[in-house]
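Biologist: I've never read a protein model before. Could you walk me through one, feature by feature?

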Amino acid sequence: MAGQKPTLFLVHEPERACSERLLDDGFSAQAAMEISSYLAQSTDMVPEFSALDEACARRGLDFRAVELDDAAAVLASVDRGASLVWTLTDGIAFFRGGAAPALARLNGLRTIGADDSLFALCQDKFRAGSVLSALGLPVPAAGLVRGGEWLVEPPASSSGYFVKPNRLGAKIGIWADSRIANVTEALALGRRVFDAYRDDVIVQPYVAGRNVRASFLAVDPEVGPEALGIVFVDSGGDFQTMADSMALYGDTGAAAREAGKYVEPGLVQVASLQPRAAERIRRIAARLVAGLGLRDVFSLDFRVEADDTVHLIEFEVCPGLPCFDFRAYCRTEWQLSLAEAMAETAARRIG
């Protein structure tokens, strides 16, 4: 497509496509609905497409939303010099969006975000934790259970343990009883998760503190960790569950809002209450940028204790852009709507 106008291609996997594939693979209707709810950022982004198209047009760009199943053909036909690929939804196992940055690389296209190796790494919590630990970052040690059998046993813990699926995001497979007292209970939860989702579970010593999300979008390509938005995320409980997540986003979130059951978590700037912890988080982010290769757009999840002890829980290279917390970040840090922030980010890289 020689002579193509500079274009932002936003590649996304819809919930519908994921759910249909899971059903064909023999998952129950309930499990397919729960697993595909991870892709609610795709559902929630669709209403933004017209605003994103307009925001791009004001900056001399075209915008094209591409469903993942069409991405191979589309990305193979575009003008290499005038195209920028932004992968909205990731995945290597239950979800497939991690193929998009690889397709972009195959076709010699520029991308927003980390390289495709990190798309694979961050979707495997056990392997990611091993890498983060090797970088000297404060990540809880973890055991690994497959179908009720230990592959790796966790360290002893006087505070109990927290159990979550290894390759599923958006709190899928995290229930109200996912904090447990001992490793025997971990094996039972591992069997429950495997029976429902065919996934391993990681078992980490429970760490105290408040939940913190650090969001980053380099609207200006020159910014660093000083542009992180670091907030306490207060949902009314010690940790968010799958039920909490499904009440916030996508089709299930829309149903919850209609039923009056939508409760958006509160956001409080960490620096306003614990500035030393906020600074530690910025240093961790800088280490991840330098040592792991995070860039352009990402998010980090932490637990922060009252004494400013910081625990890095996981990182995401495809944060849920239309989620309430990322929208708030764009408004606070960049004084832009989500669509304007995305268009400006793209314009500063294509130009």
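Modeller: Let's go through the sheet, a helix, the core, the cysteines and two odd loop residues.

Biologist: Okay, what should I know before I start?

Modeller: This is a predicted model, so local features need pLDDT of at least 70, side-chain atom pairs count only at pLDDT 80 or more, and totals for chains, interfaces and linings use all residues. Residues are numbered from 1 along each chain as its sequence is written, and side-chain values use heavy atoms, with hydrogens and water left out.

Biologist: Then the sheet: in what order do its five strands lie?

Modeller: The general idea is that strands of a sheet pair through backbone hydrogen bonds, either parallel or antiparallel. Helices (H or I, at least four residues) and strands (E, at least two) are DSSP runs, numbered from the N terminus, and two strands pair if DSSP finds at least two bridges between them. Here the sheet is open, its order is β6-β5-β9-β7-β8, and the pairing is antiparallel. At the edges sit β6 (149-152) and β8 (179-180), each pairing on one side only.

Biologist: How many bridges join β5 and β9?

Modeller: Three bridges join β5 (residues 143-146) to β9 (residues 201-205), in the antiparallel sense. Gly 143, for instance, has Val 203 in β9 as its bridge partner.

Biologist: Now a helix. What span should α15 have?

Modeller: You take 1.5 Å times one less than the number of residues. Helix α15 (residues 338-350) has 13 residues, so 18 Å is expected; its end C-alpha atoms are 19 Å apart, which agrees.

Biologist: And is α15 enclosed or not, and why?

Modeller: Check how much of each residue a probe can reach: buried means under 20% relative accessible area, exposed over 50%, and partly exposed in between (1.4 Å probe, protein chains only). Twelve of the 13 residues of α15 are buried, so the helix is largely enclosed by the rest of the structure. Among those buried residues are Leu 338, Glu 340, Met 342 and Arg 349.

Biologist: What does Arg 349 touch?

Modeller: Contact means heavy atoms within 4.5 Å. Not counting residues up to four places away in sequence, Arg 349 touches several residues, including Leu 84, Arg 110, Pro 221 and Asp 296. Its own relative accessible area is 16%, so Arg 349 counts as buried.

Biologist: Which residues of the largest nonpolar core touch the most other members?

Modeller: A nonpolar core is a set of buried Ala, Val, Leu, Ile, Met, Phe, Trp, Tyr and Cys residues joined through side-chain atoms within 4.5 Å. The largest has 66 residues, and Leu 217, Leu 300, Phe 302 and Phe 315 touch the most other members. Helix α15 gives the largest share of this core, eight residues. Another core, of 25 residues, lies apart from it, with Cys 18 and Tyr 38 among its members.

Biologist: How many disulfides are there?

Modeller: A disulfide is a pair of cysteine sulfur atoms within 2.5 Å, and by this rule the count is zero. For Cys 122, the nearest cysteine sulfur is that of Cys 318, 7.5 Å away. Cys 323 has its closest cysteine sulfur in Cys 330, at 11 Å, which is too far for a bond.

Biologist: Last, the odd loop residues. Where is Arg 198?

Modeller: Arg 198 is in the loop between α9 (183-197) and β9. Its phi is positive, about 60°, although Arg 198 is not a glycine. Gln 335 also isn't a glycine, and has a positive phi of about 55°. Gln 335 lies in the loop between α14 (324-334) and α15. With 59% relative accessibility, Gln 335 counts as exposed, while Arg 198, at 36%, is partly exposed.
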